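User: I would like to learn how individual features of a structural model are read. Please take them one at a time, with the general idea before the case.

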Amino acid sequence: MDQPEKIVIDPVLNKVVKNLDEAMKILEDGRSEVPGEQRATRRHIPGPLQRCGQDAVSILQLVQSLTCGGETEDRPCRVQGDRKARDVALLGHSVAAYLSMLHREQQRRLATRVQSDVTLWLSRLFRYENGSVSFHEDDRQGLLKVCRLVIHSRYKDFATEGVTVLGCRHPVIYQSSACRPGLGQYLCSQLGLPLSCLYTVPCNTAFGSEHQMDGFLLDGIIKEDVESGKLPLLLIANAGTAAAGHTDRLDHLRDLCDQHSMWLHVEGVNLAMLALSCVPSPLLPATKCDSMTLTLGPWLGLPSMPAVTLYRHEDPALALAAGLSWTQPGENLQPLPLWMSLQYLGHSGIVERIQHALGLSHRLLESLKKMAFIKTSVEDEPNCPVVVFKFCQESPTDSVNDFSENKGEFEDSLNRWLGEQLGLLVSASGLDVVYLDDEGSCVRFNPLMTSALLGTQESDVDAVVEQLVSLVPLLCWTSCLRHHFCEEVSRHNRLMYLEEPSWPGLGAIRYQPSGEEPDGSKRQQLVEKINSDLLKKLQVLGAEVDFSTGPEFGAEKNCIFVGMATEDLDVVKLVDTIEAVGKDIEESNQLLENMSEVVQRGILEAESQLQKATEEKLMQEGVLRQIPMVASVLNWFSPVQSLVKGSTFSLASGSLNSTEHTYTMKTFEVQGTSVTSATVAIEGSLGKEPSHHSRVACDSLSQATHLSHAAGAERQNIHFPLPDVSGPETILEPTH
């Protein structure tokens with residue numbers, strides 16, 4: 001006790017505690033002082049290491065902005081659960097890092113005490129007498145090290161000859177088909193064994209359960225392997241399967257392992273109930289197994305806590321060779337955070353958390369049994385901490401999916417949607433979706449793995465039940481109206497129903513425009529455009545159902561997915577509305593397309609007429625008048641008058657008309673001396689003043705005179721007063 005007291009009063013440790021508290025405040029404060037633009041830049045654009053070092057506060061602010069960049073100041077990034085227990089665990093990690101700098105002898109003394117305490121506490125807490133403890137970051141590593149221990153025990157020359165000794169008798173590892181996916185493959189790859197050394201035992205109804213390992217079949221398989229010269233090595237049993245929390249017949253499996261000299265390893269979430277004062281009878285045989293893996297971190301809400309493997313073996317040298325015991329002093333401090341956390345919680349605190357999780361499961365299960373259309377686990381195991389349920393409409397009115405061969409897939413989509421909605425609406429519940437081979441997609445509530453970390457309370461369970469009461473009717477009406485919706489869509493020529501059983505809703509439809517388009521690519525573009533515009537208009541109509549583009553990686557494209565139905569939904573009116581809106585969009589597209597064609601034809605006709613007018617003008621004026629300098633001289637002696645032939649294009653009629661009727665004569669009367677002004681276009685060289693002869697020629701004109709010019713020459717409009725003449729109105733016509 002002397003050494004721990006000296007460590008506690010160490011000023012460095014006091015500073016570690018203070019710095020940890022300040023760091024947690026910065027990370028959870030949510031009011032980082034880093035500007036928003038700078039946070040966005042740092043978050044998305046990695047940069048080189050800065051030349052000058054940064055202070056710890058700036059680094060923590062950067063971490064806070066990276067982890068909570070999408071949160072607002074009103075909703076800062078915070079970790080849920082018991083903060084005090086979490087802080088003790090985090091403090092343990094910090095202290096372990098600090099103590100790793102001590103002298104090796106000091107580390108050894110502390111690690112020995114920590115090892116002894118944790119081994120004693122866990123062995124008594126989980127009723128595992130005379131056991132040893134191994135710690136590891138990955139919970140699969142404990143089983144891996146146990147396999148190495150068994151190989152060293154059964155193959156005496158393995159330490160010297162390696163895997164070559166396995167050739168005489170191939171080892172066999174047995175696991176249940178309900179084990180964690182990939183567990184057996186992980187063991188074989190890490191041990192260097194072929195997959196033929198792994199045998200997966202199926203589950204059947206031999207003991208009245210479809211989720212327990214078939215012990216009788218396993219017995220026959222082991223005998224066949226022994227007769228063929230193989231060595232049964234290890235059996236992996238479940239005390240709470242990863243998917244649904246089912247427990248194997250551990251007593252029967254224990255007898256089989258004793259009969260064939262096999263190692264029995266047990267894992268699963270139900271092992272947590274061994275700490276209760278009253279242990280369920282199916283779990284008691286787990287205390288007699290050769291090894292078990294415990295995941296105390298999720299069970300107790302302790303972050304970054306190592307997994308624990310309890311095992312019994314008499315030879316410490318083999319345990320060291322298998323990696324179950326420590327080899328480096330730094331590794332001895334790995335259980336220090338767990339050691340500190342167990343002391344903080346105490347025996348009663350650990351049991352209380354496990355009982356709280358079991359109470360949540362029981363509360364939800366009792367509520368689900370009273371609800372219609374909700375089916376719980378096929379096998380009701382007493383005191384199982386995992387609750388699995390699903391929506392299942394089995395009433396006589398359930399004709400929704402009889403028309404479809406994919407009824408099971410559609411039911412799975414509804415349950416996936418239900419699980420996702422419940423997880424979003426009640427995030428503290430920790431609900432998720434799991435797929436079972438015999439039941440399909442189900443919603444799972446596993447509070448032993450989530451409640452301590454999320455801080456799940458009874459009010460959260462009640463909220464889940466309330467949400468179920470509101471969501472189940474949507475599932476029922478959607479399930480009932482899906483077939484009616486399909487039939488109604490089939491009655492409309494412009495709409496096509498698309499069978500998409502993986503979509504949790506009424507289904508998918510596609511609007512098919514009328515007419516035949518010989519070009520397939522153009523029709524595909526037209527269908528895509530119309531359905532895209534139709535989706536946008538339907539989304540703003542405020543209908544009783546939701547419209548979307550469907551799943552991101554769905555098979556159907558260019559279609560509209562219709563969401564969940566309500567009790568007041570009028571399917572006939574809904575389908576009629578969809579088709580009517582689609583027709584309006586199609587007609588608008590046709591009008592625009594026709595108008596574009598008319599405009600294009602008008603442009604071509606106008607270009608043709610302009611070309612013709614240019615040729616006529618060339619024939620009338622001659623080639624010499626097209627030369628700028630020569631044209632000026634010719635126009636001086638012999639001005640040419642030409643009429644303007646303009647054209648207008650009517651979008652309404654699509655015709656090209658003359659503009660002669662748009663030009664009218666204008667007369668300007670001035671009080672006193674009547675002065676008539678006319679605009680005369682005089683063609684000549686740009687920048688030259690009109691000569692005296694030009695003004696005389698202009699004064700002699702009593703009406704507007706059009707002076708033609710050569711093609712490409714620039715024009716200059718000059719306004720000058722004309723002498724007072726009494727005559728008809730002046731006709732003003734623009735020139736080209």
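Analyst: We may begin with a single residue: R491 is exposed, its relative accessible area being 54%. The model is a predicted one, and this value is computed from its atoms.

User: With which residue does the side chain of R491 meet in a salt bridge?

Analyst: A salt bridge is read from the distance between a side-chain nitrogen of Lys or Arg and a carboxyl oxygen of Asp or Glu, with a cut-off of 4 Å. Here R491 meets E488, with N and O at 2.7 Å. The partner E488 counts as buried, at 8% relative accessibility, whereas R491 is exposed.

User: How many salt bridges does a search of the whole structure find?

Analyst: The search returns 19. One of them joins the side chains of E105 and R108, with an N to O distance of 2.3 Å. These two residues are separated by about one helical turn, because they stand three residues apart in helix α6. Both count as partly exposed: E105 at 33% relative accessibility and R108 at 42%.

User: Which salt bridge links distant parts of the chain?

Analyst: R363 and D462 form a salt bridge whose closest N and O atoms are 3.0 Å apart. R363 belongs to helix α15 and D462 to helix α18 (residues 458-490), and their positions lie 99 residues apart in the count along the chain. R363 is partly exposed at 31% relative accessibility, and D462 is partly exposed at 29%.

User: Which residues gather in a patch of negative charge on the surface?

Analyst: The patch is made up of E544, E567, D568, D570 and D576. Of these, D576 is located in helix α20, which spans residues 571-621. Its relative accessible area of 35% makes D576 partly exposed.

User: Where does L569 lie, and is L569 buried or exposed?

Analyst: L569 is in the loop between β15 (560-562) and α20. With 12% relative accessibility, L569 counts as buried. Its C-alpha atom is 9.1 Å from that of W477, although the two residues are 92 positions apart along the chain.

User: How many disulfides does a search of the whole structure find?

Analyst: In general, a disulfide is a covalent bond that connects the sulfur atoms of two cysteines. In this model the search finds zero disulfides. For C147, the closest cysteine sulfur is that of C188, at 8.7 Å, so the separation is too far for a bond. C147 is buried, with a relative accessible area of 0%. C289 is likewise in no disulfide, and the nearest cysteine sulfur, in C257, is 9.9 Å away. C289 counts as buried at 1% relative accessibility.

User: What is the value of phi in R127, and what is the value in F373?

Analyst: The general idea is that most residues other than glycine have a negative phi. R127 has a positive phi, near 60°, without being a glycine. R127 sits in the loop between α6 (104-125) and β1 (132-136), and counts as partly exposed at 36% relative accessibility. F373, also not a glycine, has a positive phi of about 70°. The loop that holds F373 runs between α15 (336-369) and β8 (374-376). At 31% relative accessibility, F373 is partly exposed.

Conventions
Residues are numbered from 1 along each chain as its sequence is written. This is a predicted model: local features need pLDDT of at least 70, side-chain atom pairs count only at pLDDT 80 or more; totals for chains, interfaces and linings use all residues. Side-chain values use heavy atoms; hydrogens and water are left out. Patches are made of residues with over 30% relative accessible area and no salt bridge: like charges are joined within 9 Å, nonpolar side chains (Val, Leu, Ile, Met, Phe, Trp, Tyr) within 5 Å. Accessible areas come from the Shrake-Rupley method with a 1.4 Å probe; for residues, only the protein chains shown count as cover. Lys and Arg count as positive and Asp and Glu as negative; His and the chain ends are not counted. The place of a charge is taken as NZ of Lys, CZ of Arg, CG of Asp or CD of Glu. Helices (H or I, at least four residues) and strands (E, at least two) are DSSP runs, numbered from the N terminus. Buried means under 20% relative accessible area, exposed over 50%, partly exposed in between (1.4 Å probe, protein chains only). A disulfide is a pair of cysteine sulfur atoms within 2.5 Å.
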